[in-house]
Amino acid sequence: MSFKVDSHTLGSADGTLATSRSAHAGGLVVSGDPTDGELLLVSGPPARRSDDARLGQLLREFSSTKVVAGGTTAAVVARELGQSVVVNLAFDGSGLPPSSFIRGVDRVSEGVLTLSAVRDMLQGYQDRLCGQGVGYDIATLLLRAHTIHIVLGMAVNRAHAQLVGQVEPREKLVTEIANLLERKFNKNVFITKW
């Protein structure tokens, strides 16, 4: 089975993906019910700034677990939700940049470094997940879900352009994570590119 790429499914103004209630899952506070199995991962801002409001609407309407990976993405999401990004300065021992908090979003992290750690944890998974910090939290949430909706923003990150060869492109990482989730963990993964 291969993952599905769709530029319209999540972007439709008339569709909602799930409805659920608040739940607490193993130390992670998630707004969705983990038994409904839906997760929305947003990484990268939309290529067209005019889609920022649509991204905010999607996050407001999606009632299951929400994850944002990327500093610029977090800033866009916070602006569109009328919230602030609060950076967690506590050291988590993972070696990754600190996590953040946006009201209404379950996990907020830096982008490609954290996604690389998530990919590595999923690749190394044997009978349990090994790791710590926000990357571990995101990998855990992904494994709890049966359906993962990924919104991959296609805006060019100028900071990454200067680090060619030092950081993997976001699209490659997301594709690898989607393939792992489908092939190794039998998850349904849908990618929407904006």
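This report describes strand β9 and the salt bridges of a predicted model.

**Strand β9 and its neighbours**

Strand β9 spans residues 147-152 and is mostly covered, with six of its six residues buried. Thr-147, His-149 and Val-151 point one way from the strand, while Ile-148, Ile-150 and Leu-152 point the other way. In a regular strand, side chains alternate between the two faces of the sheet. The residues of both sets in β9 are buried.

β9 pairs with two strands. Strand β4 (residues 38-43) joins β9 in the parallel sense over six bridges, and here Ile-148 is the bridge partner of Leu-39. Strand β10 (residues 188-193) also pairs with β9 in the parallel sense, over six bridges; in this pairing His-149 stands opposite Phe-190 of β10.

**Salt bridges**

The count of salt bridges comes to nine. Among them are the following pairs.

| Salt bridge | Closest N to O distance |
|---|---|
| Asp-51 and Arg-54 | 3.8 Å |
| Arg-79 and Glu-80 | 3.2 Å |
| Asp-137 and Arg-107 | 3.0 Å |

The Asp-137 and Arg-107 pair links distant parts of the chain, 30 residues apart: Asp-137 lies in helix α4 (residues 133-144) and Arg-107 in strand β8 (residues 107-109). Both Asp-137 and Arg-107 are buried. Elsewhere, salt bridges that share partners join Arg-119, Asp-120, Lys-172 and Glu-176 into one network.

In the salt bridge between Asp-51 and Arg-54, Asp-51 counts as buried because its relative accessibility is 7%, whereas Arg-54 is partly exposed at a relative accessible area of 28%. Arg-79 is partly exposed, with a relative accessible area of 38%, and Glu-80 is partly exposed, with 22%.

Definitions and conventions
Residues are numbered from 1 along each chain as its sequence is written. This is a predicted model: local features need pLDDT of at least 70, side-chain atom pairs count only at pLDDT 80 or more; totals for chains, interfaces and linings use all residues. Side-chain values use heavy atoms; hydrogens and water are left out. Buried means under 20% relative accessible area, exposed over 50%, partly exposed in between (1.4 Å probe, protein chains only). Helices (H or I, at least four residues) and strands (E, at least two) are DSSP runs, numbered from the N terminus. Two strands pair if DSSP finds at least two bridges between them. A salt bridge is a side-chain nitrogen of Lys or Arg within 4 Å of a carboxyl oxygen of Asp or Glu.
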